[in-house]
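Grab a coffee and open the viewer. Below are a few exercises, each with a worked solution to follow on screen.

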Amino acid sequence: MFKPCKSLVAFGIGVFLLSISSAFGETQNSREVTIKGRVIDPVCLITMNMKGEGHRECALNCAKAGVNLAIMDEKGKIYPILPEKIVTNPNQPVLDYVEKAVTVKGTLIETGGVSYIMIKEVKGS
């Protein structure tokens, strides 16, 4: 019968924990940015191609029900909105601009292949 030594077991556990932290603890890149685009409801846009002023009321209802809004820039890239403070509504800064053109300033956070925006300032365009 094989009896692994304690140091080999400890080494194995260490390698396992390191692999988990590498997989789930991905390094984030962040920087201050200004993005010109449109406030969108990504769920309706992606699943049903619903957008624009005619979709505004639906998007507002979705946002109030908990769907995270996003900014879609002039090239079509979508930036999901993250809250600046935890346990706050990330949609709050943009509710008056749903389905409208805006310029937002904030922190761009890139992780897991997704570019998120934490909005510090929003202006209608």
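**Exercise 1. Find out whether E99 is buried or exposed, and describe its backbone.**

Step 1: E99 is buried, with a relative accessible area of 2%. Here buried means under 20% relative accessible area, exposed over 50%, and partly exposed in between, using a 1.4 Å probe and protein chains only.

Step 2: Place E99 on the chain: the loop between β3 and β4 holds it. Helices (H or I, at least four residues) and strands (E, at least two) are DSSP runs, numbered from the N terminus.

Step 3: Check the backbone. E99 is not a glycine, yet its phi is positive, about 60°.

Step 4: Now look at N49, another non-glycine with a positive phi, about 55°. N49 sits in the loop between α2 (42-48) and α3, and at 52% relative accessibility N49 counts as exposed.

A word on the source: this is a predicted model, so local features need pLDDT of at least 70 and side-chain atom pairs count only at pLDDT 80 or more, while totals for chains, interfaces and linings use all residues. Residues are numbered from 1 along each chain as its sequence is written, and side-chain values use heavy atoms, with hydrogens and water left out.

**Exercise 2. Lay out the secondary structure of the protein chain in sequence order.**

Step 1: Count the elements: three helices and five strands.

Step 2: Put them in order, and you get α-β-α-α-β-β-β-β.

Step 3: Add the overall numbers. The protein chain has 125 residues, and 33% of them are buried. Its accessible surface is about 8,300 Å², with 59% belonging to carbon and sulfur atoms; these areas come from the Shrake-Rupley method with a 1.4 Å probe, and for residues only the protein chains shown count as cover.

**Exercise 3. Trace the closed barrel strand by strand.**

Step 1: Follow the order of the five strands, β1-β2-β3-β5-β4, and note the mixed pairing. The twist from one strand to the next averages 50°; axes are lines fitted to C-alpha atoms (for helices over the stretch in contact), and angles run from 0 to 180 degrees between N-to-C directions.

Step 2: Start at β1. Two strands pair if DSSP finds at least two bridges between them. β1 is antiparallel to β2 (residues 70-73), with four bridges, and I40 stands opposite A70 there.

Step 3: Go from β2 to β3, an antiparallel pair with three bridges, where A70 has P80 as its bridge partner. These two strands form a hairpin with four residues between them, and G76 in the turn has a positive phi of about 95°.

Step 4: Cross from β3 to β5, which run parallel and share two bridges. L82 is partnered with M118 here.

Step 5: Close the ring. β5 and β4 are antiparallel with 10 bridges, including the one between K105 and E121. β4 then pairs with β1, also antiparallel over 10 bridges, and K36 is matched with T103.

**Exercise 4. Which residues touch the most other members of the largest nonpolar core, and which elements feed that core?**

Step 1: Pick out L69, I71, V94, I117 and I119, which touch the most other members among the 19 residues of this core. A nonpolar core is a set of buried Ala, Val, Leu, Ile, Met, Phe, Trp, Tyr and Cys residues joined through side-chain atoms within 4.5 Å.

Step 2: Colour the contributors. β1 (29-40), α3 (56-64), β3 (78-82), β4 (101-111) and β5 (114-124) each supply at least two residues.

Step 3: Recall the general rule: in soluble globular proteins, nonpolar side chains tend to be buried together.

Step 4: Compare the faces of β3: Y79 and I81 lie on the covered one, while I78, P80 and L82 lie on the uncovered one.

**Exercise 5. What surrounds S115?**

Step 1: Locate S115 in strand β5. S115 is buried, at 7% relative accessible area.

Step 2: List the contacts (heavy atoms within 4.5 Å). Beyond neighbours within four places in sequence, S115 contacts K77, I78, Y79, P80, L108, I109 and E110.

Step 3: Look for polar contacts, meaning N or O atoms within 3.5 Å; within protein, one must be able to donate a hydrogen and the other to accept it, and residues adjacent in sequence count only if both atoms are side-chain atoms. The S115 side chain makes one with the side chain of K77 at 3.4 Å and one with that of E110 at 3.3 Å.
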